[in-house]
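Visitor: Hi, I've just opened this one and could use a tour. Can you walk me through it?

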Amino acid sequence: MRIVICMKWGTKYGPEYVNRLYAMVRRHLKGEFNFVCLTDRSEGIRAEVQCLPIPELTLPNGEPERGWKKLTTFEADLHGLKGTALFLDLDVVIVDDITPFFEVPGEFLIIHDWKRPWRITGNSSVYRFELGAHADVLQQFRENQAQAKADFRNEQAFLTAVLHKQGKVRYWDASWCASYKYHCIPFWPSSYWREPFIPHGARILIFHGVMNPPDAQEGRTNGNWRHAKPAPWIAQHWRE
């Protein structure tokens, strides 16, 4: 069984992000799959999406969340779900066939971080694993949360380090997951007259930092140092 998982908590992202993500997966994933949203708010989410509670992960009050909740996808028993899971961040934009993400071999696959490629750190906007196979990662965090946060800035650095030590980390083809900020926005100064574009070979566009798909579509940089013109073509992909 192939399961696509996303996670939505709080009010930063509305139900339209889940609904559009489902629609993009439906258009770009061949064959059958189940789509699961781990969430604390299911209002407005389309019926094709199975909404389930986010497993409990107690974080001290006032500490930055930094994605640590994503580690709950590694529960030994995640609501009884079985099979191969592909996790997708809510704010990605799928632009081409993602069937190969389920076909490439490996125990755990993740994006190789673009900013510092000499490090092992992955970007957890897109990762794949067998449900229940890496419960030790979550257990290690729960038992040594303070130490994990002292050693690692966020969940993706911790996750990659633990599984890399076990020899289980593999990275997606470098062209498949493109950073909108680094790969789609033309270099300065041409970014002032050239529209952002989809890089050759890209299947999923990753929006990390302060820009999300609607911002990029309208050309809002939200303080990001990379100036970008509007990218109206995003609407062709980020839709229900």
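Guide: Happy to. Let's start with helix α4, where the buried residues are Glu 155, Gln 156, Ala 157, Phe 158, Leu 159, Thr 160, Ala 161, Val 162 and Leu 163. Keep in mind that this is a predicted model.

Visitor: How many of the residues of α4 are buried?

Guide: 9 of its 11 residues are buried, so the helix is mostly covered.

Visitor: And what do those buried residues pack against?

Guide: They pack against two helices, α2 (135-143) and α3 (145-151), and also against the strands β6 (108-112), β7 and β8 (169-171).

Visitor: What comes just after α4?

Guide: Gly 167 does, with a positive phi of about 75°. Gly 167 belongs to the loop between α4 and β8.

Visitor: Is Gly 167 buried or exposed?

Guide: Exposed, because its relative accessibility is 62% and the cut-off for exposed is over 50%. The C-alpha of Gly 167 is 9.6 Å from that of Phe 108, although 59 residues separate the two along the chain.

Visitor: Which residue other than glycine has a positive phi?

Guide: His 79 is one, with phi near 55°. Most residues other than glycine have a negative phi. His 79 is in the loop between β3 and β4, and at 38% relative accessibility it counts as partly exposed.

Visitor: What else is in that loop between β3 and β4?

Guide: Gly 67 is there too. Gly 67 counts as buried, because its relative accessibility is 14% and buried means under 20%. From Gly 67 to Leu 88 is 21 residues in sequence and 13 Å in space, C-alpha to C-alpha.

Visitor: Let's switch. Where is the cis peptide bond?

Guide: Between Trp 188 and Pro 189, with omega at about 5°. Pro 189 sits in the loop between α5 and β10 (204-206). Most peptide bonds are trans.

Visitor: What about the loop between β6 and β7, which residue lies there?

Guide: Thr 121 is one that lies there. Thr 121 counts as buried, at 13% relative accessibility. Leaving out residues up to four places away in sequence, Thr 121 touches Ile 111, His 112, Asp 113, Ala 157, Thr 160 and Tyr 171. Two of those, Ala 157 and Thr 160, are among the buried residues of α4 we began with.

Visitor: Zooming out, what domains is the protein divided into?

Guide: Domain 1 covers 2-171 and domain 2 covers 177-237. Their C-alpha centres lie 23 Å apart.

Visitor: How many residues of each are in contact with the other domain?

Guide: 21 residues of domain 1 are in contact with 17 residues of domain 2.

Visitor: Which residues of the largest nonpolar core touch the most other members?

Guide: Leu 21, Val 25, Phe 35, Leu 88, Val 126 and Tyr 180, out of 49 residues in that core. Helix α1 (residues 15-28) gives the largest share, 6 residues.

Visitor: And why does the core lie between domain 1 and domain 2?

Guide: Because both domains give residues to this core.

Visitor: What does Tyr 180 touch?

Guide: Beyond residues up to four places away in sequence, Tyr 180 touches Ile 185, Pro 196, Ile 206, Phe 207, Met 211, Ala 216, Ala 231, Trp 233 and Ile 234. There is also a second, separate core of 30 residues, with Leu 52, Phe 74, Tyr 127 and Leu 163 among them.

Visitor: Next, what volume does the largest pocket have?

Guide: About 1,200 Å³. Of the 36 residues that line the largest pocket, Asp 89, Asn 154, Gln 156, His 208 and Gly 209 are the closest to its centre. The elements giving two or more residues to that lining are β1 (2-8), β4 (84-88), β7 (122-130), α4 (155-165) and α5 (180-184).

Visitor: Last topic: how many disulfides does the structure hold?

Guide: The count is 0.

Visitor: Why is there no bond between Cys 6 and Cys 37?

Guide: Their sulfurs are 3.7 Å apart, which is too far for a bond, because a disulfide needs sulfur atoms within 2.5 Å. Cys 6 is buried, with a relative accessible area of 0%.

Visitor: And how far is Cys 177 from the nearest cysteine sulfur?

Guide: That sulfur belongs to Cys 184 and is 12 Å away, and Cys 177 is in no disulfide. Cys 177 also counts as buried, at 3% relative accessibility.

Notes: Residues numbered from 1 in each chain as written. Predicted model: local features only at pLDDT ≥ 70, side-chain atom pairs only at ≥ 80, totals over all residues. Heavy atoms only, no water. Buried < 20%, exposed > 50% of the residue type's maximum accessible area, 1.4 Å probe, protein only. Core = buried A, V, L, I, M, F, W, Y, C linked by side-chain atoms within 4.5 Å. Helix = DSSP H or I, 4+ residues; strand = E, 2+ residues; numbered from the N terminus. Domains from an automatic or database assignment. Contact = heavy atoms within 4.5 Å. 1 Å grid on protein atoms, 1.4 Å probe; cavity = no way out; pocket = protein on both sides within 12 Å on 5 of 7 lines; lining within 4 Å. Points joined across faces, edges and corners; volume = space filled by probe spheres on them.
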